[in-house]
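The following exercises are to be worked with the sequence and the structure in view. Each task is followed by a solution in steps.

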Protein chains: 2
Amino acid sequence: MVTIHDVAARAGVSPATVSRFLRGQRVRSYEAVQAAIDELGYWPSAAAQSLKSGRTNTIGVVVPDITNPYFAAVVKGMESVTRTEPYRILLANSDESSEQEDDVLADMVRRVDGIILAPATEQDETPLHVHDADVPLVFVDRDLAGGERFDAVLVDNDGGGRQAAEHLLALGHTRVAAISGTLDTTPGRLRREGFVGTLAKAGIEVPPEYDLVGDFKEHSGYQLTLSLLSLPEPPTAIFAANNLMTLGVLKALHDMRIDIPGQISLIGFDDLDTGPLLKPPLTVIDRPMFEQGVLAMRLLLRRLDHEESGGSASRIVLDTKLIERASTAPPGGWPAPSRTRKTRSR
Amino acid sequence: MVTIHDVAARAGVSPATVSRFLRGQRVRSYEAVQAAIDELGYWPSAAAQSLKSGRTNTIGVVVPDITNPYFAAVVKGMESVTRTEPYRILLANSDESSEQEDDVLADMVRRVDGIILAPATEQDETPLHVHDADVPLVFVDRDLAGGERFDAVLVDNDGGGRQAAEHLLALGHTRVAAISGTLDTTPGRLRREGFVGTLAKAGIEVPPEYDLVGDFKEHSGYQLTLSLLSLPEPPTAIFAANNLMTLGVLKALHDMRIDIPGQISLIGFDDLDTGPLLKPPLTVIDRPMFEQGVLAMRLLLRRLDHEESGGSASRIVLDTKLIERASTAPPGGWPAPSRTRKTRSR
DNA sequence: ATCATCACTGACATCGATTTCAGTTTGGAG
DNA sequence: CTCCAAACTGAAATCGATGTCAGTGATGAT
């Protein structure tokens with residue numbers, strides 16, 4: 001490995017001068033140093049620089065599952081911000097597991113300048129200790145109990161659940177099932193509350209056998225749907241609280257040859273690239289994905305720049321939006337409530 | 001920040017002893033050191049360790065696009081391997097651009113122990129210099145001209161193209177279009193060659209207006225399909241060389257109200273989670289995704305362990321597999337060649 | 001020619017952990 | 001009780017880059 005000393009020797013100056021050159025300060029032997037660097041193919045050691053400066057120019061990003069298109073888009077948004085900065089992204093999956101998340105965080109804290117996290121549960125306290133290590137922390141997609149003093153980029157999950165419920169209500173559904181995500185995550189809990197609460201206000205109870213809880217993974221959507229179908233009186237509509245579970249529901253419904261939306265309407269949370277191309281095209285609650293990543297990364301970088309400056313936490317909450325496609329319709333044989341369907345809104 | 005000196009002072013030993021303790025060597029004052037570490041909440045500085053050891057315990061991963069489900073799965077496979085190791089993944093997108101790739105690589109080389117790369121083009125020579133910096137390099141999905149001396153995990157792209165062609169031939173198609181990926185990438189070039197070559201051997205030429213080249217992104221699939229449809233004599237079948245472009249084709253076909261496979265058959269490369277749920281369910285050439293990531297990471301870690309040992313390059317080539325679903329059928333109004341469809345094989 | 005000012009330079013300490021080397025302690029044998 | 005080998009310990013050098021500080025050389029004014 002070629003070091004700053006080698007360059008200095010070759011250029012006939014001291015290492016200090018080469019260092020000054022690197023940082024853009026004026027130097028008498030500019031050309032000689034430049035030449036030495038080029039000829040030797042010198043690049044400063046990142047480890048040595050980190051040790052001296054205390055900065056790694058690395059951002060840790062921990063998400064439950066990078067193969068979930070939502071998180072892939074979020075991460076890409078983050079990267080679009082770091083592209084023009086000297087920062088790189090250290091990525092890890094938690095697989096929706098607090099233990100894995102804790103492990104990964106403990107390791108990351110030593111290597112990064114800041115962390116963006118979509119926590120596996122709201123209850124874990126470990127992430128709070130990240131901050132003890134002087135590593136700024138930003139939440140994305142999900143919040144943490146006691147995390148109010150941290151920056152966060154979230155969406156109005158409660159509102160999203162409400163939109164889904166209102167949509168199904170407007171269509172005239174009364175036997176409505178919810179397949180929620182893990183209830184100790186922010187989106188899992190709030191989407192369900194928004195959905196079930198709105199139905200309740202309209203006088204419609206979601207009985208326990210319709211009120212199911214999955215784990216945000218496709219398989220749970222599949223299994224829970226099968227259990228719904230085995231009920232003596234299956235629901236006429238299903239709300240699935242994320243993209244992957246929605247896919248699971250869809251698969252189960254296909255496998256069981258259920259007509260959508262003829263027999264059962266389906267509304268999901270989070271759109272998919274293939275959303276409009278599915279059979280049937282999916283009605284979903286959509287939200288910004290790429291943008292959430294961008295915002296989260298900007299918040300973190302801002303905090304890194306104004307180090308110490310403290311300042312109160314920025315908590316950004318974005319709106320969700322109903323996208324009506326063909327997977328929802330009035331319940332079988334029922335009359336559609338005229339065309340309120342199109343005009344019904346928030 | 002609490003350093004090894006602080007721990008040493010508290011435990012009443014020298015830093016050297018604490019260091020030995022950390023590395024698992026026997027130490028007389030075991031309890032005292034352990035206690036000091038716990039009480040102070042000490043974690044060794046990664047930067048200092050890297051500087052001393054010359055290892056960062058970080059693997060650089062550069063892919064064209066993490067939102068492509070294929071690459072997301074590959075990266076997840078890689079991570080499943082590093083989970084049980086002390087390694088972390090530094091992730092970057094190249095956006096299918098050589099310039100971005102070069103930039104990112106130049107920076108990564110200083111920070112990682114090894115790099116796994118899906119190069120944006122076969123022609124760029126920069127990645128070869130990565131190796132000059134003593135950073136092992138493994139290719140995944142795509143190869144590089146002159147990269148034969150590096151480890152690689154690839155698939156039989158040529159064979160995949162052939163399988164697609166044979167499938168369409170067996171169905172009786174003669175007016176067949178190919179939407180290839182960038183031709184200076186391994187998969188772009190080879191999939192096209194396998195496809196067009198197999199058709200040629202069967203006496204079927206793909207005329208220039210059917211022989212189109214996209215950029216692996218959805219939009220190009222969409223645009224090129226529109227151009228195919230505007231032809232006086234559109235093809236009866238389309239082969240799209242990756243998942244994203246296949247989606248673009250599908251969208252265009254939907255938008256133009258073309259019946260699939262009634263008017264046009266569609267076969268894609270790379271399966272999607274939603275593949276079976278699309279309208280119509282897609283016939284595709286499938287290949288291992290997660291597994292490719294696993295293999296690539298294993299190759300790299302092996303090289304890191306047996307450092308210096310050199311050894312010749314491991315070039316793994318996996319097989320592709322035809323998955324027949326409903327997006328392909330005999331050309332409109334034509335007789336299907338009995339049931340050879342099911343028995344036709346490699 | 002002399003001196004003050006300014007721009008630039010190099011020696012050296014430093015960041016935090018590891019490793020070497022020359023001790024010191026321990027335990028067991030005699 | 002003495003001695004020796006084995007087990008352990010600490011001081012100091014080291015990894016590579018940077019910042020401090022005390023200079024050295026150049027420039028301009030007198």
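Helix axes are lines fitted to C-alpha atoms over the stretch in contact, and angles run from 0 to 180 degrees between N-to-C directions. The model to which this is applied is predicted.

**Exercise 1.** Describe how α8(B) and α9(B) cross.

*Solution.* Two packed helices are described by the angle between their axes and the distance between the axes.
Step 1: the axes of α8 (residues 157-171) and α9 (residues 186-201) of chain B come within 7 Å.
Step 2: these axes cross at roughly 35°, and the crossing is right-handed.
Step 3: among the residues making the contact are Gly159(B), Gly160(B) and Gly161(B) of α8(B), together with Leu190(B), Gly194(B) and Phe195(B) of α9(B).
Step 4: by class, the contact of α8(B) with α9(B) has seven nonpolar, seven polar and six charged residues.

**Exercise 2.** Determine what each chain gives to the contact between chains A and B.

*Solution.* Step 1: chain A and chain B each give 35 residues.
Step 2: on the side of chain B that touches chain A, the elements giving two or more residues are α4, α5 (69-82), β2 (88-93) and α11 (243-255).
Step 3: this side of chain B divides into 19 nonpolar, seven polar and nine charged residues.
Step 4: β2(A) and β2(B) run antiparallel and are joined by three bridges, with Leu90(A) opposite Leu90(B).

**Exercise 3.** Find the operation that lays chain B on chain A.

*Solution.* Step 1: a turn of 180° with a shift of 0.1 Å along the axis superposes chain B on chain A with an RMSD of 0.1 Å.
Step 2: this is therefore the relation of a two-fold axis.
Step 3: both copies use the same surface, since 100% of the contact residues of chain B recur in chain A.

**Exercise 4.** Which residues are closest to DNA strand C, and which come nearest to DNA strand D?

*Solution.* Step 1: of the 26 residues that surround strand C, the closest are Ser14(A), Thr17(A), Arg28(A), Thr3(B) and Ile4(B).
Step 2: α2 (15-22) and α4 (46-53) of chains A and B each give two or more residues to the surface near strand C; α2(B) gives the most, five.
Step 3: this surface has 13 nonpolar, seven polar and six charged residues.
Step 4: around strand D there are 24 residues, of which Thr3(A), Ile4(A), Ala48(A), Ser14(B) and Arg28(B) come nearest.
Step 5: α2 and α4 of both chains again give two or more residues to the surface near strand D, which has 12 nonpolar, seven polar and five charged residues.

Conventions:
Residues numbered from 1 in each chain as written. Chains lettered and ligands numbered in written order. Predicted model: local features only at pLDDT ≥ 70, side-chain atom pairs only at ≥ 80, totals over all residues. Near = placed C-beta within 6 Å. Helix = DSSP H or I, 4+ residues; strand = E, 2+ residues; numbered from the N terminus. Nonpolar A, V, L, I, M, F, W, Y, C, P; charged D, E, K, R; others polar. Contact = placed C-beta atoms within 7 Å. Pairing = 2+ DSSP bridges. Least-squares fit on C-alpha atoms with pLDDT ≥ 70 in both. Left-handed = near helix turned anticlockwise from the far one by under 90°.
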